[in-house]
Amino acid sequence: MQPTKKYALPAEVRAQFPFFDTKPEIHYLDNAASSQKPRCVIETLHQYDAYEHANIHRGVYGISERATDRYEKVREKLAAFLHAKRPEEMVFTSGSTESLNTLAFGLGTRLQPGDEILLTVAEHHANLVPWQLVAARTGARIRYIPLTADYRLDLNAAAELFSPKTKVFACAHISNVLGVIHPLEILIPMARAVGAAVVIDGAQGIVHLDVNVQSLDCDFYVFSGHKMLGPTGIGGFYGKYEKLCELPPWKGGGDMIESVTLEQSRFKCPPHRFEAGTPPISACLGLGRALDFYATLDRERLEAGNLALSKQLTAYLRGRKGYRVLVPADETAWVGIVSFHHERIHAHDMAAVADTQGVCVRAGHHCAQPLMQVLGVTATTRVSPYLYNTQADLDALFRALEQVEMLL
Ligand code: PLP
């Protein structure tokens, strides 16, 4: 059903989120870690768990069949959301971390000593540690694309690093620390030219962009439901169907097999081959509802509003003493995640004082310790607005920062 009106103002969006009804004094600016859920998603979770629950794919009775249909409908919605060719290209997992581990395991079975995995220095640990495990198991070598002084990937260095030895290229679409949109339209063709498999960590990308996996021409695209207005415990990945067919599963169990004998098992075709065990069914339906909710939003206008708030923040910080703002000077190809560092105030103190003012911001290494080393800091404060944040949230943050500076 097509929505009649699209919400274009953060205040209208905010009104759909019970979280803000109960906590008007809270200024939630930690959306890169996890977003809040609209009422319709919460109601879907409750409705299913309270009145409609049965296990999927196994029952021959009506409630189970209905649950299965609804679960598979979410796969269709996700395929449409990411512009995949067909629903069978969407695999459900618990989120980005499980998706990346699944892909690292599967692609890792083809690697041998002398092969190379190309990552960037700006990856989240979820797109780094699984590859380190694979490298340790196979003898493959990991190489890293460095950053320029302006917090972007160094494309000249990337061109040098891609070679026929590169078997996997795995890269975030958007950095969770820097908010930079990496130039996949340049990097993916480089990977294609040397025949490398392309894995995109879209945990932040799917949140801010209208992602089209076909025009990106990636082999795999990974995401988490809880960052995109959905529940925790559900997420998944897109895979080109022929690439999914070549990928061995890492998780065995019920629901992913065609037949089992005491000697061996035959697996189902993708995507079910990768979905062993009972999934979080209500969470999956909740994610489907979040996708419906996105269809009621004018995402482009809301994102533009977000970006305007973030630009105000970078201008404010750049105008004050002691701050280093870890955002490219040219704020194009940037989604408004603002990480910053103060020469005399630790990020944890900054976030703790902000909390006393009701402002929720992140402090720490953001699961990107190698990036922190490259940037020469141990921690940053990170502010990440989303579609329901308003000027009032930013003003509260400014007041909190003034409070922090009074401690000096
Ligand atoms: N990749 C990126 C870029 C992220 O920002 C995150 C979470 O912050 C992850 C992967 C891991 O996501 P999850 O914890 O939902 O598995």
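How many nonpolar, polar and charged residues does the shell around the ligand have? By class, there are 2 nonpolar, 7 polar and 2 charged residues in that shell. Keep in mind, as you look around, that this is a predicted model.

## Around the ligand

Let's meet the residues of the shell. Going along the sequence, the ligand is surrounded by S96, T97, H124, A126 and N176, followed by D201, A203, Q204, S224, H226 and K227.

Some of these residues reach oxygen atoms of the ligand with their side chains. For Q204, a polar side-chain atom lies 2.7 Å from a ligand oxygen. In the side chain of S224, an N or O atom is 2.7 Å from an oxygen atom of the ligand. H124 also places a polar side-chain atom 3.4 Å from an oxygen atom of the ligand. As for cover, the ligand taken alone exposes 400 Å², and the protein buries 85% of that area.

## Enclosed spaces

Next, a look at empty space. Rolling a probe the size of a water molecule over the atoms shows where empty space is left. In this model, the count comes to 3 cavities of 30 Å³ or more, and the largest cavity has a volume of about 40 Å³.

Which residues line the largest cavity? They are N31, A32, Q204, V207, H208, K227, I337, S384, P385 and Y386. Two names may look familiar: Q204 and K227 are also among the residues that surround the ligand. By class, the lining of the largest cavity divides into 5 nonpolar, 4 polar and 1 charged.

## The largest pocket

The largest pocket holds about 610 Å³ of space. Its lining is made of 25 residues, and those nearest the centre of the pocket are F81, L209, D210, Y294 and R299. The lining divides into 15 nonpolar, 2 polar and 8 charged residues.

Several helices take part here. At least two lining residues come from each of α4 (62–81), α9 (205–208), α12 and α13. Which helix gives the most to this lining? That is α13, with 5 residues.

## A loop between two helices

Finally, find A295, which lies in the loop between α12 (281–294) and α13 (299–318). Is A295 buried or exposed? The residue counts as partly exposed, because its relative accessibility is 33%, between the 20% limit for buried and the 50% limit for exposed.

A295 also has a partner from far along the chain: A295 and F81 are 214 residues apart in sequence, yet their C-alpha atoms are 9.5 Å apart in space. F81 is one of the residues that lie nearest the centre of the largest pocket.

How values were computed: Residues numbered from 1 in each chain as written. Predicted model: local features only at pLDDT ≥ 70, side-chain atom pairs only at ≥ 80, totals over all residues. Heavy atoms only, no water. Near = heavy atom within 4 Å. Polar contact = N/O pair within 3.5 Å; in protein donor to acceptor, adjacent residues only side chain to side chain. Areas by Shrake-Rupley, 256 points an atom, 1.4 Å probe, with all protein chains shown as cover. Nonpolar A, V, L, I, M, F, W, Y, C, P; charged D, E, K, R; others polar. Helix = DSSP H or I, 4+ residues; strand = E, 2+ residues; numbered from the N terminus. Buried < 20%, exposed > 50% of the residue type's maximum accessible area, 1.4 Å probe, protein only. 1 Å grid on protein atoms, 1.4 Å probe; cavity = no way out; pocket = protein on both sides within 12 Å on 5 of 7 lines; lining within 4 Å. Points joined across faces, edges and corners; volume = space filled by probe spheres on them.
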